[in-house]
Amino acid sequence: MDMTRWLSALPHFLVLLPSAASCYYTMKNQLRHTLLKTAALCTAVLLPYAIFCSCLCALLRVDVNIILLPSLLLFFFPYRCTVTASLPKCLAVYVGVCAVQTFPAQFAYAFDAFLHPASGAADFSIEAAIFQLGLSCLVAAAFAWPACGLFFRIIDCLDIPKIWYSTIILSSIFLIFNVMAVPQSYRTLHTGRIFFLFLLLEGCLLAILTAIYVLFYLGTTVILEHAELKEHTHLLEMQSRQYRALQEHMRQTAKLRHDFRHSVHLLSFLAEKGDISNIQRHLAEYEVSLSENKQINYCANAALNALFGYYYDIAVSADIDTDWHIELPEPLPATELDMVSLFGNLIENAIDGCLTIPERRRYFCLTAENRHGNRLYIVSTNSFDGKVRKDKDGYRTTKHSGNGIGLAAIAAAAEKYGGSAQASNSDTEFFVDVMLKI
C-alpha cells in the first residue's frame, strides 16, 4: 500500500468529523441521544470509516472523491435516525453543511495547485489535505456560534416544509457547482489569470451563500415573530372577552344583590301566610338566576383562565360534552406564553377532533393536576372519527399536507421544561398525555 497516498487521503476523509459536528450543533434540541453519546457514536463510526476508506483509496489508487461523495449520501440515513427533526429540516441542514464544506476543498485544490502546478486533483498532496482539514475545522467553528445561538430556534419552531425545501435547492446549486468545478489538471489554473479568478469566484460564492443563509435567518425570524405576535393578539382577544364576561357577571351580580332585598320581603310575606309552594318556586327561580350568571374560574392565572373560558364556550356551542378538571400549581411550571401555547394547541386539536363526528357522540375530557409535588400531569381524551395519518415521525395533520404543528408544539413545550408528551389513539378516541417538571 502506498503510504504517501494513504496519508494524503486520510485528512480528506477526516473532514467528515467537523462536517458531522456542523450538522449536529444546529440540531442541539432535536437530538435523540445526549450530546456526549451522539459525539461518541459519530467518532466511533467516522474515524474507523475514514481510515478504511483512505486505505481503500491507496490500494485501488482511485480519486478520493469517488468514495467520498457516495459516502455523503450514505451517512444521511444514520444522521436522520439520530435526530427528531422532520425530513425537510434534516435535508436542509445536511445539504447546507455539505455545500459549505465544499469551499475548503476548493481552496485546498488551489493551494495544491500553487504547491504542485504540474499535478492534478487525483494526486492530492499531503500538505493540501492537511490544509483542507484545518480550513474545514475553521469553517465549522465559524458557523458554530450563529448555528447554536440563532439557527436552532428556527429548527425548533419553523414547521413550513416549502421554506426548508427551497433552502435545499439553493444549497444544492452551490454544492453541485463546486463538485463540477474541481480542477482535473492544475495546469488549467496556471493559464493566464485563471488561478486568481478561481479564488475570487470561490470567495464570492462563499460570501453569497453566507448572505443567503443570513437572509434566510432574517426572513424566518420575521415569520416566527409574526406568529408570536398573532398568538399574543389572540390571547389579548381572549382576555378582552373574559374581561367583558366578568363585567357582565359583576353587573348581573349587582342586580341580584339589589333584587335580593325584595326577595327577602316576598319570602317573609309568603312564610307568614304558610305558602310553602310559592316559596319553593321563588327559590328555584332564584337558584336558576344564580347558576346562569355563574362565572367559572379555572385557575389563578388570568391569561390561562381567559383561554380556558374561550375554548370552553366554543366546545359548548359545538355541543361537545366537556369534563374538565384543572388544578395548576403556583407558580406555573413554564412561562405563561408556553403554557398558553401548550393548552391552546391541546384544546384546539381536541375540539377539531370532536367536530369530525355527529354531535351526540362528541365529548372532551381534560385533566391537569399536580402529583407528587414536582410533576404536572395533563391528560386529554376526545372523541373523533378514527382517521389519522401517521409515520415514523409521529402524527401528521389531516387538515393539510405536512406535519401536525399542534402536536409538535405541545411536544416542544414539554421537552423544553424537561417533560414529555405522548399521543395515541383508538378507533374512536384520541389521547394526549403531557408531563411537565415543576
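This is a short tour of selected places in a predicted model, from a sheet to two loops and a surface patch.

**The sheet**

Start by selecting the strands E1, E2, E3, E7 and E6. These 5 strands form an open sheet, and E1-E2-E3-E7-E6 is their order across it. The pairing in the sheet is mixed. Its edge strands are E1 and E6 (420–425), each of which pairs on one side only. On average, neighbouring strands of this sheet are turned by 10° against each other, direction ignored.

**Strand E1**

Next, select residues 321–326, which make up E1, and show the side chains. In a regular strand, side chains alternate between the two faces of the sheet. Which side chains of E1 are buried? Thr322, Trp324 and Ile326 are buried, and they point to one face. Asp321, Asp323 and His325 point to the other face and are not buried.

**From E1 to E2**

Now add E2, residues 363–371. E1 and E2 pair in the parallel sense, over 6 bridges. To find one place where the two strands meet, select Asp321 and Tyr363: Asp321 stands opposite Tyr363 in E2. Then follow the chain from E1 through helix H12 (residues 336–354) to E2. This β-α-β crossover is left-handed.

**From E2 to E3**

Add E3, residues 375–383. In which sense do E2 and E3 run? They run antiparallel, joined by 8 bridges. Here the residues to select are Phe364 and Asn382: Phe364 stands opposite Asn382 in E3.

**Two loops beside E1**

Most residues other than glycine have a negative phi, and most peptide bonds are trans. The next two stops depart from these patterns.

Select Asp319, in the loop between helix H11 (302–317) and E1. The phi of Asp319 is near 60°, a positive value in a residue other than glycine. Asp319 counts as partly exposed because its relative accessibility is 43%, and partly exposed covers the range between under 20% (buried) and over 50% (exposed).

Then select Glu330 and Pro331. The peptide bond from Glu330 to Pro331 is cis, with omega near 0°. Pro331 has its place in the loop between E1 and H12.

**A patch on the surface**

Finally, select Ile194, Phe196, Leu197 and Leu200, and switch on the surface. These residues form a nonpolar patch there, with about 360 Å² of accessible area together. One of them, Phe196, lies in helix H9, residues 194–273. Phe196 has 47% relative accessibility, so it counts as partly exposed.

Notes: Residues are numbered from 1 along each chain as its sequence is written. This is a predicted model: local features need pLDDT of at least 70, side-chain atom pairs count only at pLDDT 80 or more; totals for chains, interfaces and linings use all residues. Side-chain values use heavy atoms; hydrogens and water are left out. Buried means under 20% relative accessible area, exposed over 50%, partly exposed in between (1.4 Å probe, protein chains only). Helices (H or I, at least four residues) and strands (E, at least two) are DSSP runs, numbered from the N terminus. Two strands pair if DSSP finds at least two bridges between them. A crossover is right-handed if, with the strands pointing away from the viewer, the path from the first strand over the helix to the second runs clockwise. Patches are made of residues with over 30% relative accessible area and no salt bridge: like charges are joined within 9 Å, nonpolar side chains (Val, Leu, Ile, Met, Phe, Trp, Tyr) within 5 Å. Accessible areas come from the Shrake-Rupley method with a 1.4 Å probe; for residues, only the protein chains shown count as cover. A salt bridge is a side-chain nitrogen of Lys or Arg within 4 Å of a carboxyl oxygen of Asp or Glu. Axes are lines fitted to C-alpha atoms, for helices over the stretch in contact, and angles run from 0 to 180 degrees between N-to-C directions.
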